There are 2 protein chains.
Amino acid sequence: MTERPFGFTLHASDGLARLGTVQTRHGDIRTPAFMPVGTVGTVKGLYLDQVEATGADIILGNTYHLMLRPGAEQVAELGGLHRFIGWKRPILTDSGGFQIMSLSKIRKITEQGAVFQSHIDGKRHELTPERAMEIQRLLGSDIQMQLDQCLEFPHTEKAAEKAMQLSLRWAERSRRAFGQQPGRGNFGIVQGGVNARLRRESAEGLKFIGFEGYAIGGLAVGEGQALMLQTIEATAPHLPVDRPRYLMGVGTPEDILESVARGIDMFDCVMPTRSGRHGQAFTRFGKINLRNARHAGDPRPLDPEHPCPALSQYSRAYLHHLIRSGELLGMMLLSWANIAYYQSLMQGIRAAIAEGRFDAFRTATKEQWKRGDVPA
Amino acid sequence: MTERPFGFTLHASDGLARLGTVQTRHGDIRTPAFMPVGTVGTVKGLYLDQVEATGADIILGNTYHLMLRPGAEQVAELGGLHRFIGWKRPILTDSGGFQIMSLSKIRKITEQGAVFQSHIDGKRHELTPERAMEIQRLLGSDIQMQLDQCLEFPHTEKAAEKAMQLSLRWAERSRRAFGQQPGRGNFGIVQGGVNARLRRESAEGLKFIGFEGYAIGGLAVGEGQALMLQTIEATAPHLPVDRPRYLMGVGTPEDILESVARGIDMFDCVMPTRSGRHGQAFTRFGKINLRNARHAGDPRPLDPEHPCPALSQYSRAYLHHLIRSGELLGMMLLSWANIAYYQSLMQGIRAAIAEGRFDAFRTATKEQWKRGDVPA
């Protein structure tokens, strides 16, 4: 374990797009970065050495899921999350706020924290800002998120303001609970719905507290891409230039490209693995639904030039057959292919920013997606 | 593609146990051999390079499944089963007889063949001995099984005799339909329930027709290990010494050990992958049910000395967590671990026969299974 401090280095900008490196005790994260989601301690359907080989520098774990099963104290006893799952690079854990909103059917939010019923066995649990930080410390995450209150969309402005203010007070308690953890970072989460004023107030409040990084939460919950991008535009300028910016739970390849263009550095989303399990591939040529009958006799791989075997070594006909048959291997291959494509997209983004041609890259990438690759 | 003929070489015997090599156009099969089952063209939950790395020389494909989806003609158009799924070594395909009995709810058996409803979409299909061979030729299998009539257990002796006689007539038609296929083999299937006289008649009848190999079918359908082994004892002596003997659909590691001791050369079974998906591991130390709560805090791997990463690189605590959480990776790892254990068992069996110590190996292996490895 190195003793070097947590940090962020901004190497270059191209328009609002940024090229950087986040330093953690488990190594560096090249940004813009996409973090595969390892919900309960596994990136669904992939071996972690496959995840690493795609170029992922960091994965995400979910506090909500891991606190319920196997439990934070259990993971700590087994040597922490890195050791438990066998991943040597950085891990970011969220705080549980989003899953309390989206997964637990019965929940109560008070000033003190959240009380909710487990979606697994119905047991009652409490999550305070302090406990959320304690859990993440027990897991040994390199980036630990504050507890925040997430709202379903749509909601009233009044509700958004109330949740944002509560999240700010929780941010302060989270920050205090985080304490000193060399080589690890604590991120605050900007809330405020799609309201520019609230987002700005939230960002200013978090900056005043001071975090190693800043996340934008509460987006990609149904507001649509246009409103999401507007909200990013209204928020990013109020975040410190010298800290990483993480857009939580986003998104499609296009969402990522457009958000990078607005100054975002980090992303996570279940989409590549979830869509993969359902037969959808994300590729250089756009989305390809392998369930579609037109693939049944197609001997071509998804992308013959891609270094990932899932993209270059398996025919569409075979993938189609596996997905139609409900076979594990179909889910495994398409999850792998999608994580690999997302990572190569991030690599392309980083290279483009480094060379000052991000805008051209963005245009060309979107055109290629639109063109598709149905044979003539 | 080599042009060398299909063949079998018997290298050594140790008691009734036999060490041999089956030669096919896609390479050699070391016997005693366990063939992982690749039902619809995938060994469930494994990459085929993992299957190969465990030491499997041959996998099995199911005619019944593949004829329904994606269809034999479709596979042939895509270059045959080897190319379709990406497996360069030998493939054995069964004839569909067993699945018509076990999977299709509506079926009718006549002298001509079997008419049945697909378990997928209810469509009507016909399978004659000739069509079963045509399908296997289209798939390009290295070992092609005759169509036989399988019975549920229990059944009357009269029913067993009738099915055995029909299977013999189908054997003759299958043999004729197989024709000349250099480097490929056609196996007849001994039927006759658990009746020694019927088994002998079936074996003699098949020998008279003449096949490249002989299978024992209709066992491991509920008759229990003792009756199964008795039936093998009553059958194997009537099979030619110079041809491989394949016990279909068997079995547990102990079934295999005991059947090798009675002169069987080849095995297939869904058990390692199916049990793996349900959280059960087969190891040197016997069966281990990873769902059991006692594994929750156990940092030990299943077998630290096994070369397969699934057995040596993942803690029981993590496997337990994955299985309890219903995660794909849990199914993947335990399926892989089980196939790897089965293959190392076969390797151990082969080495023991070669060195004339099969009986000691059999005793020691069974003792180790019984001893287990719960920590003191």
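This report describes the symmetry, interfaces, domains, sheet and local backbone features of a predicted model.

## Symmetry of the two chains

Chain A is superposed on chain B by a rotation of 180° with 0.0 Å of shift along its axis, and the RMSD is 0.0 Å. The two copies are thus related as by a two-fold rotation axis. Within chain A, the C-alpha nearest the axis belongs to A:Leu328, at 3.8 Å from it. Both copies use the same surface, since 100% of the contact residues of chain A recur in chain B.

## Contact between chain A and chain B

Chain A contributes 29 residues to the contact, and chain B contributes 29 residues. On the side of chain A that touches chain B, four elements give two or more residues: α3 (72–77), α4 (81–85), α13 (316–324) and α14 (328–354) of chain A. Of the elements on this side of chain A, α13(A) gives the most, with five residues. By class, the side of chain A that touches chain B comprises 15 nonpolar, nine polar and five charged residues.

## Domains of chain A

The domain assignment divides chain A into domain 1 (19–269) and domain 2 (276–346). The centres of domain 1 and domain 2 of chain A, taken over C-alpha atoms, are separated by 29 Å. Their contact draws 15 residues from domain 1 of chain A and 14 residues from domain 2 of chain A.

On the side of domain 1 of chain A that touches domain 2 of chain A, at least two residues each come from β4 (33–36), α1 (48–53) and α10 (253–260) of chain A. The most is given by β4(A), with three residues. This side of domain 1 of chain A has 10 nonpolar, four polar and one charged residues.

The class composition of the two contact sides described for chain A is set out below.

| Contact side | Nonpolar | Polar | Charged |
|---|---|---|---|
| Side of chain A that touches chain B | 15 residues | nine residues | five residues |
| Side of domain 1 of chain A that touches domain 2 of chain A | 10 residues | four residues | one residue |

## Strand pairing in chain B

In chain B, eight strands form an open sheet with parallel pairing, in the order β4-β14-β13-β12-β11-β10-β6-β5. The edges are held by β4 and β5 (59–61) of chain B; each has a single partner strand, so one side of each is left without a neighbour in the sheet. On average, and with direction ignored, neighbouring strands of this sheet are turned by 25° against each other.

One pairing concerns strand β13 (residues 245–247) and strand β14 (residues 266–269) of chain B, which pair in the parallel sense over two bridges. Here B:Leu247 stands opposite B:Phe267 in β14(B).

An antiparallel pairing is formed by strand β15 (residues 280–283) and strand β16 (residues 286–289) of chain B, over four bridges. B:Ala281 has B:Ile288 of β16(B) as its bridge partner. The connection from β15(B) to β16(B) is a hairpin through two residues.

## Local backbone features

Cis peptide bonds are described here for one site in each chain. In chain A, such a bond joins A:Phe153 and A:Pro154, with omega about 0°. A:Pro154 lies in the loop between β10 (143–145) and α7 (157–178) of chain A. In chain B, a cis peptide bond joins B:Thr31 and B:Pro32, again with omega about 0°. The loop that holds B:Pro32 runs between β3 (27–31) and β4 (33–36) of chain B, and β4 of chain B stands at an edge of the eight-stranded sheet.

A positive phi is found at A:Ala220, a residue other than glycine, with a value near 55°. A:Ala220 occupies the loop between β12 (213–216) and α9 (225–235) of chain A. A:Ala220 counts as buried because 21 C-beta neighbours lie inside 10 Å, the cut-off for burial being 20 or more.

In chain B, phi of B:Ala220 is likewise positive and near 55°. This residue, B:Ala220, is located in the loop between β12 (213–216) and α9 (225–235) of chain B. With 21 C-beta neighbours inside 10 Å, B:Ala220 also counts as buried.

Methods:
Residues numbered from 1 in each chain as written. Chains lettered and ligands numbered in written order. Predicted model: local features only at pLDDT ≥ 70, side-chain atom pairs only at ≥ 80, totals over all residues. Least-squares fit on C-alpha atoms with pLDDT ≥ 70 in both. Contact = placed C-beta atoms within 7 Å. Domains from an automatic or database assignment. Nonpolar A, V, L, I, M, F, W, Y, C, P; charged D, E, K, R; others polar. Buried ≥ 20, exposed ≤ 12 C-beta atoms within 10 Å, placed from the backbone. Pairing = 2+ DSSP bridges. Axes fitted to C-alpha atoms, helices over the stretch in contact; angles between N-to-C directions.
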